Amino acid sequence: QFHTHYQLTPNPIPSKKSLTQKHNPKNNLKNIISDSDIVRWNVEISSHMRNGRLEAALGVFNAMPRRTVVSFNAMISGYLNNERFDLAQQLFEKMPHRDLVSWNVMLSGFVRNKNIGAARELFDRMPQRDVVSWNAMLSGYAQYGYVDEARKVFENMPYRNGISWNGLLSAYVQNGRIEEAFRLFSSKTDWEVVSWNCLMGGYVRKKRLVDARKLFDQMTNRDAVSWNIMISGYAQNGDLFEASRLFEESPVRDVFAWTAIVSGYVQHGTLDEARIVFDKMPVKNPVSWNAIIAGYVQCKRMDVASELFEAMPCRNVSSWNTMLTGYAQSGDVEQAKFIFDRMPQRDTISWAAMIAGYAQNGHGEEALQLFVEMKREGERLSRSSYTCGLSTCAEIAALELGKQMHGGLVKSGFETGCYVGNALLVMYSKCGSIEEAYDVFKDIQQKDIVSWNTMIAGYARHGFGKEALVIFESMKAAGIIPDDVTMYYGITPNSKHYTCMIDLLGRAGRLDEAENLMKTMPFEPDGATWGALLGASRIHGNTELGEKAAKMIFELEPENAGMYVLISNLYAASGRWGDVRNMRLKMRDKGVKKVPGYSWVEVQNKVHTFSVGDSVHPEKDKIYAFLEELDFKMKQEGYISSTKLVLHDVEEEEKEHMLKYHSEKLAVAFAILSTPSGRTIRVMKNLRVCEDCHSAFKLISKIVGRTIILRDSYRFHHFTGGSCSCGDYCLVLSFQGFDGQDTTNFKLEQKVVVPSEIKVFELAANFGIGKSVLYLQVDSIGCVLAMVE
């Protein structure tokens, strides 16, 4: 609206010449204009500005035959109140004369516009200052966390009033410097009630209820806010008895006091008591309704939350956001989107909640589409929005879009924070760009344990053991204490550690030891533990043990498709095709479906997805022809298809054909054809890569002279010049499906070590760096621990 007006008006700000030139009495009424007329016009300007009518205000201003400083101040103040700082500044600079009010209004404008440096320059330019000027500068520093600068302004003030003292006190409290706030408070006695409340609120936020109560008891004059601060403090910290006692003693039980009690019960899980208090409330405001609705949302009782929401007489954006978040977190994305679409207005929390709902429930593409839509609609992107977007990019490996988000973060000034920095770390790492992940890691100014663990895990997943060790040693040097994610000495092993050790023993062929460890572990074996034993049984052909493990898994996790596939593969490897067919029928009868294998690659900002033997991609003929060409060249290099991996009762030639068109091979071939020569290829797969594809990619990287980075469900493989970053020491495990999916094989050249003197299980692996490395797999994530002699 305003933008259109200023395009149509040739010059919304009069020139300095026109403002100072003398008017010809013959052409205007200057000589007969009274002061009362000027006052009337000034009032009219202020009225227009208060109602957002900038065009009308400017029209009055331009038509005035004579203007005073008050006329200019009314225009400048109006522009600032309507968030047109640019026009306010232009008019201020063109003023023929300024008074103290002009300077103070513009000073406050700079502070409101978050340009504290320019505010200080203007403050220093002022020909004279009063207490309002000093307070504006103090307030500006305090608002943006420059507490020491605020204190210096306070100390240099020639005169201080109550606003000055409260300004510095508030600066200390808001920035957590509670001891300095107390010293300032103790330096004088004639504080107002608002000052007592300010310090008392600071103690409550610091959970120092004893100090807050001491202050409360010393107050000779309390208002409703004083009582509410203490009631809220006790309620939020779980002392609901004392909160209720103060509530009964309070001379004024307003809606805020009632809401504090309701919120206290909600926060501590006593929803029934919260509802009783809520129903007794004589007056309810949106905060009261939102508190009780949030309680039902937290308890996953969306039916009751929905009833209250629909009965709510006055909803605000927080009410809608609470329901939206509740549905998203409970997995009902469709209902969450219904709420989102119904919202009369949205804020950044609404968008972030919907994006997170999509991302957390496996709708990555929808999440990214909504992120782009949010940006197009001009909505301010928050840290949370960026973090959700980056997490989604990481999951679907959309590197180019992730880079665009990174650029947006830099422009927004968010990229240095630990919270967003960790999301960037994960995005680059999972998208196969470990070098850029490390660049982000270096730029995180305050690294937390998540930052260090993410970088270590990133290098480990990419097969860079030496670099992971360097980060680990730097972590210790920085004084960061490793946790159970880092998996350092001294932790008590949990069920995941035991499962990992059982998996390692089993893969090494030590099935008896694996089974004995399972019997002696201080936990009941879960589906994952039995699954590790089943996998090992399949690898080593121990059908009896495999059937035992499968029976337990089917009882614990009857819907686990992977375990049906494992036992079926075990039967197939033993030539028991009848049992294989029976297992297929069992899966069909129980409605269990195996997750199909697929791979995808990002080319020119578009994600191309492939399944085994893909017949729908528009470039399929070109891709298959190129694969035949590559197959011929690979055989010249000595490549032999690993037909033993195909667990189907078919001829050898058919097995070779089935291996040739795995989804990852199709994706790599398409990427080679579609990207410039020499560019790194990044391909993602939802299952683990099979040994045949692993061998093929080593040769393909050599033949085409490209680096191929493959991310499977376990780790990254960097294929360059005929070798892989895993050094062929990685545990490669993929599953043969019933419809020509990927096959199962593994290669184990590690030595399993079980020290008796410590309670941590270790795997000694060689990463080609001349020393052994302590290596432990938990939650399908490989993490390097430490160097051993």
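A residue counts as buried when its relative accessible area is under 20%, as exposed when it is over 50%, and as partly exposed in between. With that scale in hand, let us walk through this predicted model. Buried residues make up 52% of the 789 residues in the protein. The secondary structure comes to 40 helices and 10 strands. The accessible surface is about 37,600 Å², and 50% of this area belongs to carbon and sulfur atoms. Among contacts between residues at least 6 apart in sequence, 59% join residues at least 24 apart.

Let us start with the aromatic rings, where the scale is put to use. A pair of aromatic rings is described by the distance of the centres and the angle of the planes. The count for this model comes to 24 aromatic pairs. One of them joins Phe-441 and Trp-452, which meet edge-to-face with 5.2 Å between the centres and 80° between the planes. Because Phe-441 lies in helix 28 (residues 434-443) and Trp-452 in helix 29 (residues 449-461), this pair ties together parts that are 11 residues apart in sequence. Phe-441 is buried, at a relative accessible area of 4%, and Trp-452 is buried too, at 8%. Tyr-459 and Phe-464 also form an edge-to-face pair, because their ring centres are 6.4 Å apart and their planes stand at 70°. Here the scale separates the partners: Tyr-459 is buried at 9% relative accessibility, whereas Phe-464, at 21%, counts as partly exposed.

Elsewhere, Phe-154, Trp-165, Phe-185, Trp-191 and Trp-196 form one aromatic cluster. Rings also meet charges in this model. The charged end of Arg-129 sits over the ring of Phe-123, 4.3 Å from its centre, and the charged end of Arg-346 sits over the ring of Phe-340, 4.0 Å from its centre.

Another arginine deserves a visit. Arg-213 is in helix 14 (residues 209-218) and is buried, with a relative accessible area of 16%. What does its side chain meet through polar contacts? One partner is the side chain of Tyr-234, at 3.1 Å, and another is the side chain of Glu-242, at 2.9 Å. Leaving aside neighbours within four places in sequence, Arg-213 is in contact with Met-230, Tyr-234, Glu-242, Arg-245 and Leu-246.

Now for the backbone. Most residues other than glycine have a negative phi. Glu-83, although not a glycine, has a positive phi of about 60°. Glu-83 is found in the loop between helix 5 (69-81) and helix 6 (85-94), and is exposed at 73% relative accessibility. Lys-114 likewise is not a glycine and has a positive phi, of about 65°. Lys-114 lies in the loop between helix 7 (100-112) and helix 8 (116-125), and counts as exposed at 64%.

A positive phi turns up once more as we reach the strands: Gln-604 takes a value near 50° in the hairpin of strand 1 and strand 2, which has two residues between the strands. Strand 1 (residues 598-603) pairs with strand 2 (residues 606-611) in the antiparallel sense over six bridges, and Trp-600 has Thr-609 in strand 2 as its bridge partner. The wider setting is an open sheet of six strands in the order 2-1-3-4-5-6, with mixed pairing. Strand 2 and strand 6 (723-724) stand at the edges, each with a single partner strand, so one side of each is left without a neighbour in the sheet. Further along the sheet, strand 4 (residues 708-711) and strand 5 (residues 716-720) run antiparallel and are joined by four bridges; Ile-709 has His-718 in strand 5 as its bridge partner.

Definitions and conventions: Residues are numbered from 1 along each chain as its sequence is written. Side-chain values use heavy atoms; hydrogens and water are left out. Buried means under 20% relative accessible area, exposed over 50%, partly exposed in between (1.4 Å probe, protein chains only). A polar contact is a pair of N or O atoms within 3.5 Å; within protein, one must be able to donate a hydrogen and the other to accept it, and residues adjacent in sequence count only if both atoms are side-chain atoms. Contact means heavy atoms within 4.5 Å. Accessible areas come from the Shrake-Rupley method with a 1.4 Å probe; for residues, only the protein chains shown count as cover. Two strands pair if DSSP finds at least two bridges between them. Rings of Phe, Tyr and Trp (its six-membered ring) pair if their centres lie within 6.5 Å; planes under 30 degrees apart count as stacked, over 60 as edge-to-face and the rest as tilted. A charge sits over a ring if NZ of Lys or CZ of Arg is within 6 Å of the ring centre and within 35 degrees of the ring normal.
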